[in-house]
Amino acid sequence: MSRHICFRCACRREDFAASSRFTTLFWDDALRVLESRGLDNPFGSLPDDAEVEGADFSRWWESAIARLAAAREELPTLYEVWRIHEDGVTWQSDAGYFRWRGEPRMVESVHDELVVRTLDEAQWEERLRWVPYPPPVLDEVFPEIVPAPRRNGGREPTYTLAAADFERLFRGTPLHLEHGPFLDFLRPEIEEARGVARHAAGSGEPVVLYTY
């Protein structure tokens with residue numbers, strides 16, 4: 001089994017079914033920080049449906065969160081771009097579209113950055129069919145679009161955008177930017193997982209590990 005785990009109490013009344021976002025951000029990124037600080041993941045190599053003592057797992061989880069809190073400055077700020085639907089309740093992941101100095105651009109969240117890419121006119125026209133707002137048009141220097149290293153060996157240059165510029169650029173559109181320090185951004189999932197681990201420990205039940 002990879003480090004990408006979900007877990008449940010063996011009593012089946014409490015379950016932490018990690019989202020793909022949490023799996024990627026926590027099990028991939030945070031565990032590297034923990035390992036650099038001497039906390040290994042003893043559960044990472046176990047097979048699916050392995051059972052471990054709930055108390056042991058809960059102690060490990062509490063230690064992991066405490067060490068991450070101590071390493072707060074080493075953890076990134078995280079970003080997610082959401083489009084809010086007309087009901088005001090339903091959100092979905094999305095990207096923002098705008099023209100800057102005559103060129104069509106797309107900005108999207110890539111975990112710890114807001115990445116800006118240039119689109120060709122065919123891509124722009126294709127995507128506009130799904131954009132529920134007039135894309136902003138900017139001819140002046142604002143916003144500051146900062147060159148960034150190419151990602152994943154790509155040939156095209158990419159750029160990053162500051163959160164404040166994103167919020168000014170897309171004010172009045174259905175787009176909402178969620179961003180914040182790593183632990184604050186993932187707080188709901190962290191607390192949900194803590195609750196499942198504490199439940200198992202308190203009830204004397206094992207924790208069952210599984211992948212999704």
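In what order do the 4 strands of the open sheet lie? I will begin there, noting that the structure before us is a predicted model. The order is β2-β1-β13-β3, and the pairing is antiparallel. At the edges stand β2, residues 15–16, and β3, residues 51–53, each of which pairs on one side only.

Let me take strand β1, residues 6–9, in more detail. Towards β2, the antiparallel pairing rests on 2 bridges. Here R8 stands opposite D15, and F7 has F16 as its bridge partner. The two strands form a hairpin with 5 residues between them, and within that hairpin R12 takes a positive phi near 70°. Towards β13, strand β1 pairs over 4 bridges, again in the antiparallel sense. One residue of β1 on that side is C6, whose bridge partner in β13 is Y210.

Are the residues on the two faces of β1 buried or exposed? C6 and R8 on one side are buried, as are F7 and C9 on the other, and both faces of the strand are thus covered.

The sheet also carries a helix. Helix α6, residues 187–203, packs on it and touches β1, β2 and β13, the last of these spanning residues 206–210. The direction of α6 makes about 35° with that of β1.

I turn now to helix packing. Two packed helices are described by the angle between their axes and the distance between the axes. For helix α1, residues 20–36, and helix α2, residues 54–70, the axes come within 10 Å and cross at roughly 75°. Angles of 65 to 115 degrees count as roughly perpendicular, and α1 and α2 are therefore roughly perpendicular to each other. On the α1 side the contact is made by F22, F26, W27, A30, L31, V33 and L34. On the α2 side the residues are W60, W61, A64, I65, R67 and L68.

Some of these names return in the aromatic cluster. Which residues form that cluster? They are F7, F16, F22, F26, F43, F57, W60 and W61. Among them, F7 and F16 are the bridge partners from β1 and β2, while F22 and F26 of α1 and W60 and W61 of α2 belong to the helix contact.

In total, the structure holds 14 aromatic pairs. One of them is formed by F98 and F170: the ring centres are 6.2 Å apart and the planes stand at 80°, so the pair is edge-to-face. The two residues come from distant parts of the chain, 72 residues apart, with F98 in strand β6 (residues 96–100) and F170 in the loop between α4 (163–169) and β12 (175–181). Both F98 and F170 are buried.

Finally, I come to strands β7, β8 and β11. Strand β7, residues 103–109, is joined to β8, residues 114–118, by 5 bridges, and the two run antiparallel. Within this pairing, E108 stands opposite V115. β7 and β8 form a hairpin with 4 residues between them, and H111 in the turn has a positive phi of about 60°. Strand β8 is joined in turn to β11, residues 158–160, by 2 bridges, also antiparallel. There, V116 has Y159 as its bridge partner. The ring of Y159 has a further neighbour, for R105 lies over its face at 5.5 Å from the ring centre.

Methods. Residues are numbered from 1 along each chain as its sequence is written. This is a predicted model: local features need pLDDT of at least 70, side-chain atom pairs count only at pLDDT 80 or more; totals for chains, interfaces and linings use all residues. Side-chain values use heavy atoms; hydrogens and water are left out. Rings of Phe, Tyr and Trp (its six-membered ring) pair if their centres lie within 6.5 Å; planes under 30 degrees apart count as stacked, over 60 as edge-to-face and the rest as tilted. Buried means under 20% relative accessible area, exposed over 50%, partly exposed in between (1.4 Å probe, protein chains only). A charge sits over a ring if NZ of Lys or CZ of Arg is within 6 Å of the ring centre and within 35 degrees of the ring normal. Two strands pair if DSSP finds at least two bridges between them. Contact means heavy atoms within 4.5 Å. Axes are lines fitted to C-alpha atoms, for helices over the stretch in contact, and angles run from 0 to 180 degrees between N-to-C directions. Angles under 35 degrees count as roughly parallel, over 145 as roughly antiparallel, 65 to 115 as roughly perpendicular and the rest as oblique.
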